[in-house]
Amino acid sequence: MFKGIREDIQSVFARDPAARNAFEVLTTYPGLHAIWWHRISHKLWSWRWFWLARFTSTLARWFTGVEIHPGAKIGRRFFIDHGMGVVIGETAEIGDDVTIYHGVTLGGTSWSQGKRHPTLRNGVVIGAGAKVLGPIEVGENARIGSNAVVVKDVPSEATVVGIPARVASTTENKEVTKRREEIAKQYGFDAYAISADNPDPVATAIGRMLDHVHLLDQKVSDLCCAVNKLGGNVCEEIPEVELDDMDFLTAEQEAAERRQKDQQKKSQGESDH
């Protein structure tokens, strides 16, 4: 038990820069208190002392503002930041190293018995106010944005935002990212002048459009080569895309340069560590 408590406290230091010392974390973090209460109520639930388990969880809700059903299964190093308004249903399953913020609901969408609450795999992070509803699965290291409403499975390593939640960012092959940057520069537009930690669904959509444009360019080039081999004379010069709004182009160029500098600083910082 004490080993688990020490592990929980260390997980707070790893994920909350406001934590200053172990005594402060031990005495003033309601999210931790709610988890410790839940371990007691869950043990009572497993012993089939259902009323006592529910009464214990009710006491925990009064003291912490966090409602966790005794039947919920929670892994190691689970961290609830701030805690107030968190609701976790009976058949919810939570893996290791999961982080959720205040106002999060892991709820059900059915009145029938059986599995009706979400399953969170290891390393999931759920932003404040998000609702994850139904017997869905959130893959490992997925991110759910604040106030998102998730009603479908979330892939591993993905970031979802919105109502209903949609994938805003996924891990991408470096070659794909580099190709997108090159074609964006060719057309005078940078769809990625944002932080990788702050994904934008619009930028993601534009990135897919750039992939499509790149594919079309390749097909046209192959077609021109085939026609020329047959004696034709096409595609000697491909006209450049001309955009009249120079302010727009200048702003996009500056954004691209800023992003490149930020990436270089980040890479340099990681190498120094």
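Select helices H3 and H4 in this predicted model. On the H3 side, the residues to show are Pro30, His33, Ala34, Trp37, Ile40, Ser41, Leu44 and Trp45. They meet Phe50, Leu52, Ala53, Arg54, Thr56, Ser57, Leu59, Ala60, Phe63 and Thr64 of H4. Colour this contact by residue class and 12 nonpolar, 5 polar and 1 charged residues appear.

Now hide the side chains and look at the axes. Two packed helices are described by the angle between their axes and the distance between the axes. The axis of H3 and that of H4, which covers residues 50–64, come within 8 Å and cross at roughly 175 degrees. An angle over 145 degrees counts as roughly antiparallel, and H3 is therefore roughly antiparallel to H4.

Stay at the connection and select Arg48, which is found in the loop between H3 and H4. Its phi is near 70 degrees, a positive value in a residue other than glycine. Most residues other than glycine have a negative phi, and most peptide bonds are trans.

Keep H3 (residues 30–46) on screen and add H1 (residues 2–15). These two helices pack at an angle of about 155 degrees, and their axes are 11 Å apart. H1 and H3 are therefore roughly antiparallel as well, and their crossing is right-handed. To see the contact, show Gly4, Ile5, Asp8, Ile9 and Val12 in H1, together with Leu32, Trp36 and Arg39 in H3. By class, this contact holds 5 nonpolar, 1 polar and 2 charged residues.

From H1, pick Glu7 and then Arg77. The two form a salt bridge, with the closest N and O atoms 2.9 Å apart. Glu7 belongs to helix H1 and Arg77 to the loop between S2 and strand S3 (79–81), so the pair ties together parts that are 70 residues apart in sequence. A search of the whole structure gives 9 salt bridges.

Next come the sheets. Strands of a sheet pair through backbone hydrogen bonds, either parallel or antiparallel. Select S1, S4, S7, S10 and S13: in that order they make up an open sheet of 5 strands with parallel pairing. The edges are strand S1 (67–68) and strand S13 (149–150); each has a single partner strand, so one side of each lacks a neighbour in the sheet. Inside this sheet, zoom to strand S4 (residues 87–88) and strand S7 (residues 105–107), which run parallel and are joined by 2 bridges. Val87 stands opposite Thr105 of S7.

Then switch the selection to S2, S5, S8 and S11. These 4 strands form an open sheet in the order S2-S5-S8-S11, again with parallel pairing. Here strand S2 (73–74) and strand S11 (137–138) are at the edges, each with a single partner strand, so one side of each is left without a neighbour in the sheet. Strand S5 (residues 93–94) pairs with strand S8 (residues 119–120) in the parallel sense over 2 bridges. Show Glu93 and find Thr119 of S8 opposite.

The last stop is Pro164, in the loop between strand S14 (159–161) and strand S15 (166–169). Select Ile163 along with Pro164 and display the backbone: the peptide bond from Ile163 to Pro164 is cis, and omega is near -10 degrees.

How values were computed:
Residues are numbered from 1 along each chain as its sequence is written. This is a predicted model: local features need pLDDT of at least 70, side-chain atom pairs count only at pLDDT 80 or more; totals for chains, interfaces and linings use all residues. Side-chain values use heavy atoms; hydrogens and water are left out. Axes are lines fitted to C-alpha atoms, for helices over the stretch in contact, and angles run from 0 to 180 degrees between N-to-C directions. Angles under 35 degrees count as roughly parallel, over 145 as roughly antiparallel, 65 to 115 as roughly perpendicular and the rest as oblique. A crossing is left-handed if the near helix is turned anticlockwise from the far one by less than a right angle, and right-handed if clockwise. Contact means heavy atoms within 4.5 Å. Ala, Val, Leu, Ile, Met, Phe, Trp, Tyr, Cys and Pro count as nonpolar, Asp, Glu, Lys and Arg as charged, and the others, Gly among them, as polar. Two strands pair if DSSP finds at least two bridges between them. A salt bridge is a side-chain nitrogen of Lys or Arg within 4 Å of a carboxyl oxygen of Asp or Glu.
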